[in-house]
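Biologist: I'd like to go through this one slowly, asking how each label is earned. Can you show me the model?

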Amino acid sequence: MQALFDHISKFSKLTPAAIKSMSAVLQKIEIAKGDFLITEGRVCNHVYFLEQGCVRGFYNHDGKEITYWFAFENNLVMSFYSFSTRKPSVENIQLLEDAVLWAISYDDLQKLYDKHPEIERFGRLMNEHYYMMLEERFVRNHFTDSRTRYENLIAHTPHILQRVSLGYIASYLGMTQETLSRIRSLA
């Protein structure tokens, strides 16, 4: 749990009372590789802090799984749209490694927001942070060719290559696995 509070402190300083309130509602969860945190069609009822492990977010489209993000240690994980709107998710979140997570329910988080303004501030700052990351990735991956997308991956997130299968990486980069293999052989 300390890793979560260390992560939060990078964005917002919590009072001891806020830390105590949050600690009381956090649940430690251990989930095996291959299991799902979220599946499409179900409402996302928790925000997860990934203490250990790796997950991927993906959509099913025309019978294909389209991976569009990965998360590793010290990341928050959720289906943002579903969690915020309380509508069924259109995405899936799957564990790529055995994981240790800390979960907080939607209802508990709303109560913390009402009681502790610094927790609400943290929530806003995290939303801004993840939105900027998403926009940066969108620009990098939608206005460049396949080789440049791979080079950007190496430059910005090389750890993905060590922990994620090439098939998922190819999907993430918007190319076939054959194209990715060809680009890697030329690098």
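Modeller: Sure, and keep in mind that the model is predicted. Let's begin with a term: a salt bridge is a side-chain nitrogen of Lys or Arg within 4 Å of a carboxyl oxygen of Asp or Glu.

Biologist: OK, so how do you know that arginine 149 has no salt bridge?

Modeller: Its nearest side chain of opposite charge is aspartate 145, 6.4 Å away. The limit is 4 Å, so no salt bridge is counted.

Biologist: And what does it mean that arginine 149 is called buried?

Modeller: Buried means under 20% relative accessible area, so arginine 149 falls under that cut-off. You'll find arginine 149 in helix H6.

Biologist: What makes the link between the side chains of arginine 149 and serine 146 a polar contact?

Modeller: The distance is 3.1 Å, and the cut-off is 3.5 Å, so the pair is within it. The arginine 149 side chain also reaches the backbone oxygen of glycine 174, at 3.4 Å.

Biologist: Where does the cavity come in?

Modeller: There's one cavity of 30 Å³ or more, with a volume of about 60 Å³. Arg149 is among the residues lining that cavity, along with Asn152, Leu153 and others.

Biologist: Which helix supplies the largest share of the lining?

Modeller: H6, with four residues. Helices H5 and H8 each supply at least two.

Biologist: How do the lining residues divide into nonpolar, polar and charged?

Modeller: Three are nonpolar, four polar and three charged. Arg counts as charged, so Arg137, Arg140 and Arg149 belong to that last group.

Conventions: Residues are numbered from 1 along each chain as its sequence is written. This is a predicted model: local features need pLDDT of at least 70, side-chain atom pairs count only at pLDDT 80 or more; totals for chains, interfaces and linings use all residues. Side-chain values use heavy atoms; hydrogens and water are left out. On a 1 Å grid over the protein atoms alone, a cavity is a set of points where a 1.4 Å probe fits but cannot get out, and a pocket is an open set with protein on both sides within 12 Å along at least five of seven lines; lining residues have an atom within 4 Å of a point. Grid points are joined across faces, edges and corners, and a volume is the space filled by probe spheres set on the points. Buried means under 20% relative accessible area, exposed over 50%, partly exposed in between (1.4 Å probe, protein chains only). Lys and Arg count as positive and Asp and Glu as negative; His and the chain ends are not counted. A polar contact is a pair of N or O atoms within 3.5 Å; within protein, one must be able to donate a hydrogen and the other to accept it, and residues adjacent in sequence count only if both atoms are side-chain atoms.
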